[in-house]
Amino acid sequence: YQAYKQRALFVTGTVGYKSTFYLDGSYRQDYTSAEPTGTHISAYSVGASFVFSDYIKDKSILSYGKLRASSGQVVEALLPYDLNVLYTPAAQQFNGNFIMSEPNTIPSPTLRGSTNNEKEIGIETRWLKNRIGFIFTYWDRTNINFPVNVNVTQTSGIQAVKTNAGEIAKTGIDIQFFAVPVKKDNFEWTINAAWGRLLKNEVVAIAPGIDRIVTASGAFSTTS
């Protein structure tokens with residue numbers, strides 16, 4: 001069972017000029033019961049687009065064309081009870097008392113949620129009276145100070161501390177394509193295809209004094 005509450009303030013706005021130039025923006029504040037008391041996570045986004053096909057008179061070849069760019073943040077809030085030190089009851093009992101196991105990971109006093117920064121630039125076109133089209137997008141995403149378990153020396157009595165650390169940088173491209181080979185009054189056949197490629201996936205930093213994080217471990221043995 002988990003109890004979790006979330007509230008947010010959200011403001012957005014759009015400005016357009018002659019149905020050709022558009023500018024969008026938004027701002028958001030998230031309040032969750034999983035975050036430290038009295039804190040919130042802020043996120044913003046801003047985007048712009050330009051429909052350049054409006055300046056082309058003959059649209060028999062290029063039916064529609066738009067350039068777009070955006071920059072924004074995505075909230076990554078803490079999970080319920082991430083700030084709590086939890087003890088796990090065992091199935092066995094000792095003298096009628098439940099046995100509790102101590103946690104291997106404790107939260108940092110400064111632990112809180114984070115935001116992922118994202119940027120995109122792309123172009124969308126449709127050709128031959130909207131019979132063929134494609135969308136190309138180049139994106140750049142950076143995760144900074146996200147909640148992660150950082151290993152510490154076991155002489156401290158624990159194995160890891162959950163804290164805000166690290167920076168991961170990713171870039172990639174996405175391509176979407178569609179074609180309408182058959183278009184009748186009462187029948188239309190559309191073909192869609194998509195392709196994407198991750199160009200970079202780099203761990204830029206972890207935490208001061210830490211050069212690796214163990215995400216999983218285990219032992220393997222055999223018997224004869």
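Here are some short exercises on this structure, each with a worked solution.

The model is predicted, so local features need pLDDT of at least 70 and side-chain atom pairs count only at pLDDT 80 or more, while totals for chains, interfaces and linings use all residues. Residues are numbered from 1 along each chain as its sequence is written, and side-chain values use heavy atoms, with hydrogens and water left out.

**Exercise 1. The whole chain**

Task: Find out how many helices and strands the chain has, and whether it is spread out or compact.

Solution:
- Start with the elements. Helices (H or I, at least four residues) and strands (E, at least two) are DSSP runs, numbered from the N terminus. The chain holds zero helices and 11 strands.
- Turn to the spread. With a radius of gyration of 26 Å, well over the 17 Å that the globule rule gives for 224 residues, the chain is more spread out than a compact globule. The radius is taken over C-alpha atoms, and the rule is 2.2 Å times the number of residues to the power 0.38.
- Add the extents: the C-alpha trace spans about 85 × 55 × 40 Å along its principal axes.

**Exercise 2. Surface, contacts and charges**

Task: Describe what share of the chain is buried, what its surface is made of, and how its contacts and charges are arranged.

Solution:
- Take burial first. Buried means under 20% relative accessible area, exposed over 50%, and partly exposed in between (1.4 Å probe, protein chains only). Of the 224 residues, 26% count as buried.
- Now the surface. The chain exposes about 15700 Å², and carbon and sulfur atoms supply 56% of that area. Accessible areas come from the Shrake-Rupley method with a 1.4 Å probe; for residues, only the protein chains shown count as cover.
- Next, contacts, which are heavy atoms within 4.5 Å. Among contacts between residues at least 6 apart in sequence, 58% join residues at least 24 apart.
- Last, the charges. The mean positions of the 21 positive and 18 negative charges are 7 Å apart. Lys and Arg count as positive and Asp and Glu as negative, while His and the chain ends are not counted. Each charge is placed at NZ of Lys, CZ of Arg, CG of Asp or CD of Glu.

**Exercise 3. Two hairpins**

Task: Work out how E5 pairs with E6, and how E10 pairs with E11.

Solution:
- Recall the rule: two strands pair if DSSP finds at least two bridges between them.
- Look at E5 (residues 88-94) and E6 (residues 97-101). They run antiparallel and are joined by four bridges. Phe94 has Asn97 of E6 as its bridge partner.
- Visit the turn. Two residues lie between E5 and E6 in this hairpin, and Asn95 in the turn has a positive phi of about 55°.
- Go to the start of E5. Thr88 touches Ile99, Met100 and Ser101, leaving out residues up to four places away in sequence. The C-alpha atoms of Thr88 and Met100 are separated by 5.5 Å. Thr88 is partly exposed because its relative accessible area is 47%.
- Move to E10 (residues 160-183). E10 runs antiparallel to E11 (residues 188-205), with 15 bridges between them. Lys183 stands opposite Glu188 in E11, and four residues lie between the two strands of this hairpin.
- Finish with Phe178 in E10. Its contacts beyond four places in sequence include Arg131, Ile132 and Ile191. Phe178 and Arg131 are 47 residues apart along the chain, yet their C-alpha atoms are separated by 8.0 Å.

**Exercise 4. Buried or exposed?**

Task: Decide why Thr20 and Lys18 are classed as buried or exposed, then do likewise for Thr32 and Leu128.

Solution:
- Both Thr20 and Lys18 lie in the loop between E1 and E2. Thr20 counts as buried because its relative accessibility is 5%. Thr20 is in contact with residues including Ser49, Phe50 and Tyr55.
- Lys18 counts as exposed because its relative accessibility is 63%. Phi of Lys18 is near 55°, a positive value. Most residues other than glycine have a negative phi.
- Thr32, in strand E2 (residues 21-32), counts as buried because its relative accessibility is 11%. Thr32 touches Tyr4, Lys5, Gln6 and Ala77, not counting residues up to four places away.
- Leu128 sits in the loop between E8 and E9. Leu128 is partly exposed because its relative accessible area is 44%, and its phi is near 50°, again a positive value.
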